[in-house]
Amino acid sequence: MAIRRRTLVFGATLLSALGEAQEALNLSANDTFRVLADEAWEELESDAIHFKGNFRLIGPQWSVHADEATMFGSLYEPRRFVADGSPALIVVQKSRSNGHITGRGEHIEYLRSEDSVEITGAATVVDRGDTVTSSMLRWDLLTDAISAGGADGVRMVIDAKKN
């Protein structure tokens, strides 16, 4: 049985519910996001949209790549977003300075109520040469603060040469 790739295209107004993270991610009403996956289906009872196989959420300032993902809440007002992969990857263009932040792990979860991203399972965040690795990383999108913890401890590599 052949699986056909599905593409959904929607405007930033659909993700304007990202709250203040919209400003932190430098989104405007004219931005367009593309969602690609091998399969997509909606669960009306749980208000969730599931994506499976080669998932990509691509926007002008950030993107998510994963094996599968689920968006909770309506497409117009998502309250939570979960991506799983080996690894799942999120890349955010920094609005306050040049460069981007890359996060990767087995599980990535965006929580709208907290404007944060939590990465678990061999979690790594790289920001302009600085690297933080742990079993769990929590990234505040408004302040760019990263907190880390877990049974495996925390490993940090800091680039002392950068300004």
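A contact here means heavy atoms within 4.5 Å. With the whole protein selected, residues 24 or more positions apart make up 40% of the contacts with a separation of 6 or more.

This is a predicted model, in which local features need pLDDT of at least 70, side-chain atom pairs count only at pLDDT 80 or more, and totals for chains, interfaces and linings use all residues. Residues are numbered from 1 along each chain as its sequence is written, and side-chain values use heavy atoms, with hydrogens and water left out.

Switch to a cartoon view. The protein has one helix and 10 strands (DSSP runs numbered from the N terminus: helices are H or I, at least four residues; strands are E, at least two). Along the sequence, the pattern reads β-α-β-β-β-β-β-β-β-β-β.

Now show the surface. About 8,900 Å² is exposed, with 49% of that area from carbon and sulfur atoms (Shrake-Rupley method, 1.4 Å probe; for residues, only the protein chains shown count as cover). Of the 163 residues, 43% count as buried (under 20% relative accessible area; exposed is over 50%, partly exposed in between; 1.4 Å probe, protein chains only).

Select residues 62-73, strand E5. Nine of its 12 residues are buried, so E5 is largely enclosed by the rest of the structure.

Add residues 48-58, strand E4. E4 and E5 pair in the antiparallel sense over nine bridges (pairing requires at least two DSSP bridges between two strands). A hairpin of three residues joins E4 to E5. Pick Phe55: opposite stands Ala66 in E5.

Next, select residues 78-93, strand E6. E6 pairs with E5, also in the antiparallel sense, over 10 bridges. Zoom to Thr70, which faces Val82 in E6 from the opposite position.
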